[in-house]
Amino acid sequence: MSVERTTAAGGMETSYGFKRVGAGDKQSLVNDVFHKVANRYDLMNDLMSAGLHRLWKDAMVTWLNPPKRAGWRVLDVAGGTGDIAFRIVEASHGQAHATVLDINGSMLAVGRDRAEKKGLSGNTDFVEANAEELPFADATFDAYTIAFGIRNVPRIDVALGEAFRVLKPGGRFLCLEFSEVEMPLLDKAYEAWSFNAIPRIGKMVTGDGEPYSYLVESIARFPNQANFATMISRAGFDRVSFRNYSGGIAALHSGWKL
């Protein structure tokens with residue numbers, strides 16, 4: 001596509017996919033998207049990653065390596081359905097406690113129901129709040145995770161600052177997000193799949209292709225790996241690094257509060 005990605009200087013706050021919107025307007029538009037796809041969230045990610053998101057999420061939790069001891073706390077942001085939180089609790093052998101935060105009540109409703117069915121209600125709690133204004137005291141959590149959610153936050157720099165604030169010294173930040181494909185030919189194939197197939201399939205399955213059009217456009221606008229790493233460093237994190245998955249279709253960013 002000829003549309004340019006935003007950079008570390010910003011721009012996502014007024015970008016609703018390829019459309020430019022007024023400051024303060026993006027959040028309500030994004031909320032509407034996720035109200036529509038909440039019950040089909042796994043399907044949405046399956047469509048957008050050809051099912052690979054499940055492997056990437058497993059890799060994210062493996063790199064986090066949650067300790068198998070009581071008292072360790074993680075905040076999973078934009079994780080309403082519990083996908084990452086449940087993996088973390090299970091990887092800790094039931095020792096970790098995960099707070100799942102999402103601005104979208106429909107997504108959280110799905111997560112609460114799943115937690116009950118999985119028998120993980122005692123290890124999880126669900127909070128409806130904005131990633132830009134976390135309702136927690138400074139230095140509350142041992143880790144902060146966010147998967148496929150940061151690009152939907154209007155003011156990414158503010159959200160990163162909040163992540164840094166609520167982490168304890170020595171705390172870990174991990175962000176999994178669709179990114180810039182760095183392999184020749186794969187980038188063209190992925191682009192064709194994203195813009196031609198995903199909205200059409202989304203419409204066939206859910207009756208509405210517009211949310212899927214926004215989601216693939218938001219991926220194309222999100223800062224590439226190097227620019228996003230710069231934003232994480234600017235928020236105060238040290239030892240910032242990233243790993244590409246599937247040729248850069250997704251990237252996992254890491255940072256430490258030291």
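**Exercise 1. Strand S6 and its partners**

Work out how many bridges join strand S3 (residues 73–77) to S6, and in which sense the two run.

*Solution.* Start with the count in this predicted model: there are four bridges between S3 and S6, and the strands are parallel. For a concrete pair, take valine 77, whose bridge partner in S6 is isoleucine 146. Now look at strand S7 (residues 167–178): S6 pairs with S7 over six bridges, in the parallel sense. Here tyrosine 144 sits opposite phenylalanine 173 of S7. To get from S6 to S7 the chain passes through H6, making a β-α-β crossover that is right-handed.

Last step: is S6 buried or exposed? Run through residues 141–147 and you find that seven of the seven are buried, so S6 is largely enclosed by the rest of the structure.

**Exercise 2. Helix H8 and a neighbour from H7**

Compare the end-to-end reach of helix H8 (residues 210–221) with the expected span, then check how covered H8 is.

*Solution.* H8 has twelve residues, and at 1.5 Å a residue the expected span is 16 Å. From first C-alpha to last, H8 reaches 17 Å, which is close to that value. Next, the cover: ten of the twelve residues in H8 are buried, so by the cut-off of under 20% relative accessible area the helix is mostly covered. Go through the buried set and you'll meet Tyr212, Leu215, Val216 and Ile219, among others, but also Glu217 and Arg221.

Then bring in phenylalanine 195, which belongs to helix H7 (residues 186–206). How does phenylalanine 195 score for exposure? Its relative accessible area is 22%, and buried means under 20%, so phenylalanine 195 counts as partly exposed. Follow the chain 17 residues on from phenylalanine 195 to tyrosine 212, and the two C-alpha atoms turn out to be 9.1 Å apart.

**Exercise 3. The closed spaces**

Count the cavities of 30 Å³ or more, and describe the linings of the largest and the second largest.

*Solution.* The count is three. The largest cavity comes out at about 240 Å³. Its lining takes in 19 residues, and those nearest the centre are Ala78, Asp102, Ile103, Gly149 and Asn152. Which element gives the most to this lining? That's helix H1 (residues 26–37), with four residues. Sort the lining of the largest cavity by class and you get twelve nonpolar, six polar and one charged.

Move on to the second largest cavity, with a volume of about 60 Å³. Its lining includes Tyr41, Lys57, Asp76, Val77, Ala78 and Ala147. S3 and helix H4 (83–91) are the elements that each give two or more residues to this lining. By class, the second largest cavity has five nonpolar, three polar and three charged lining residues.

Two residues link back to earlier steps. Val77, in the lining of the second largest cavity, is the valine that bridges to isoleucine 146. Ala78 is among the residues nearest the centre of the largest cavity, and Ala78 also lines the second largest.

**Exercise 4. An open space**

Find the volume of the second largest pocket and say what lines this pocket.

*Solution.* The volume is about 150 Å³. Of the 15 lining residues, Ala8, Ala9, Gly10, Asp157 and Met231 lie nearest the centre. Two elements give two or more residues to this lining: helix H6 (156–166) and helix H9 (225–234). H6 is the helix from Exercise 1, on the path from S6 to S7. To finish, split the pocket lining by class: seven nonpolar, four polar and four charged.

Conventions:
Residues are numbered from 1 along each chain as its sequence is written. This is a predicted model: local features need pLDDT of at least 70, side-chain atom pairs count only at pLDDT 80 or more; totals for chains, interfaces and linings use all residues. Side-chain values use heavy atoms; hydrogens and water are left out. On a 1 Å grid over the protein atoms alone, a cavity is a set of points where a 1.4 Å probe fits but cannot get out, and a pocket is an open set with protein on both sides within 12 Å along at least five of seven lines; lining residues have an atom within 4 Å of a point. Grid points are joined across faces, edges and corners, and a volume is the space filled by probe spheres set on the points. Ala, Val, Leu, Ile, Met, Phe, Trp, Tyr, Cys and Pro count as nonpolar, Asp, Glu, Lys and Arg as charged, and the others, Gly among them, as polar. The expected span of a helix is 1.5 Å times one less than its number of residues. Buried means under 20% relative accessible area, exposed over 50%, partly exposed in between (1.4 Å probe, protein chains only). Two strands pair if DSSP finds at least two bridges between them. A crossover is right-handed if, with the strands pointing away from the viewer, the path from the first strand over the helix to the second runs clockwise.
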